[in-house]
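Got your viewer open? Load the model below and follow along, one selection at a time.

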Amino acid sequence: MPKTPDIARLLGEHPEDVPNLGTEGELRDLPVEDVHPNFGNFYSPIDANAMEDLQESIQANGVLEPLLVVRDGDGYRLISGHSRMAAIRALHAKTPEQWETVPCRVLPTMSEEAEASAVIEANRQRVKSPALLAEEAERLTELYIKRREAGEDLPGRIRDRVAEALQVKSTKI
């Protein structure tokens, strides 16, 4: 079984400055209108059939996994949960009184590079094509280089960090 990367260690030297994407951050129900997409999200939206299935699941079970967000002016920007948010918006359009809020974990503000890294890291569950894995590896490599150049202490080799984050062998990077 692959080892789950320590997101705080991967994103920076000071774990208190970078949230653990799974457990840290304040859990809140936020108004649907206050949650905005993250334009750094480069993943393709799910197809119409999968969206319909997701909407049915949310109607039957609620939102089982809170969305991950960071503050964005007067609202919040998604880190993880773009498909869930799209499904909730569709449900909200049909029955706004039932879908006024969405459960979210509000993470501390991050640097632009750390946030872009978090968007990729929060998508570990996706089934990925080799092309998507290559794109993630390229983006993470660039982000880690920028973060190191900005003065963050990112110990070890960047290739090894990227491989651990993507849960692949470093020789694949």
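**The whole chain**

Start with everything selected: of the 173 residues in the protein chain, 40% are buried. Keep in mind that this is a predicted model. Show the surface and you are looking at about 9,800 Å² of exposed area, 50% of which is supplied by carbon and sulfur atoms.

Now switch to a cartoon and colour by secondary structure. The protein chain has 6 helices and 5 strands. Walk along from the N terminus and the elements go α-β-β-α-β-β-α-β-α-α-α. If you like contact maps, draw one here: among contacts in the protein chain with a separation of 6 or more, 74% are between residues 24 or more positions apart.

**The sheet**

Next, select the strands. In what order do the 5 strands lie in the sheet? The order is S1-S5-S3-S4-S2, in an open sheet with mixed pairing. Go to the edges, and you'll find strand S1 (26-31) and strand S2 (35-36), each of which pairs on one side only.

Then pick residues 67-72 and 75-80, which are strands S3 and S4. These two run antiparallel and are joined by 5 bridges. For one pair to zoom in on, take Val69, whose bridge partner in S4 is Leu78. As a reminder, strands of a sheet pair through backbone hydrogen bonds, either parallel or antiparallel.

**The second largest pocket**

Time for some empty space. The second largest pocket holds about 310 Å³. Select Gly40, Glu112, Glu113, Ala116 and Leu143: of the 14 residues lining this pocket, they are the closest to its centre. Now add helix H4 (112-121) and helix H5 (130-149), the elements that each give two or more residues to the lining. Which of the elements gives the most to the lining? That's H4, with 6 residues.

Colour the lining by class and you get 6 nonpolar, 2 polar and 6 charged residues.

**One backbone angle**

Last stop: select helix H6 (158-166) and step into the segment that comes after it, where you'll find Gln167. Check its phi, which is positive at about 60°, although Gln167 is not a glycine. Is Gln167 buried, partly exposed or exposed? Its relative accessible area is 35%, and since buried means under 20% and exposed means over 50%, Gln167 counts as partly exposed.

Conventions. Residues numbered from 1 in each chain as written. Predicted model: local features only at pLDDT ≥ 70, side-chain atom pairs only at ≥ 80, totals over all residues. Heavy atoms only, no water. 1 Å grid on protein atoms, 1.4 Å probe; cavity = no way out; pocket = protein on both sides within 12 Å on 5 of 7 lines; lining within 4 Å. Points joined across faces, edges and corners; volume = space filled by probe spheres on them. Helix = DSSP H or I, 4+ residues; strand = E, 2+ residues; numbered from the N terminus. Nonpolar A, V, L, I, M, F, W, Y, C, P; charged D, E, K, R; others polar. Buried < 20%, exposed > 50% of the residue type's maximum accessible area, 1.4 Å probe, protein only. Contact = heavy atoms within 4.5 Å. Areas by Shrake-Rupley, 256 points an atom, 1.4 Å probe, with all protein chains shown as cover. Pairing = 2+ DSSP bridges.
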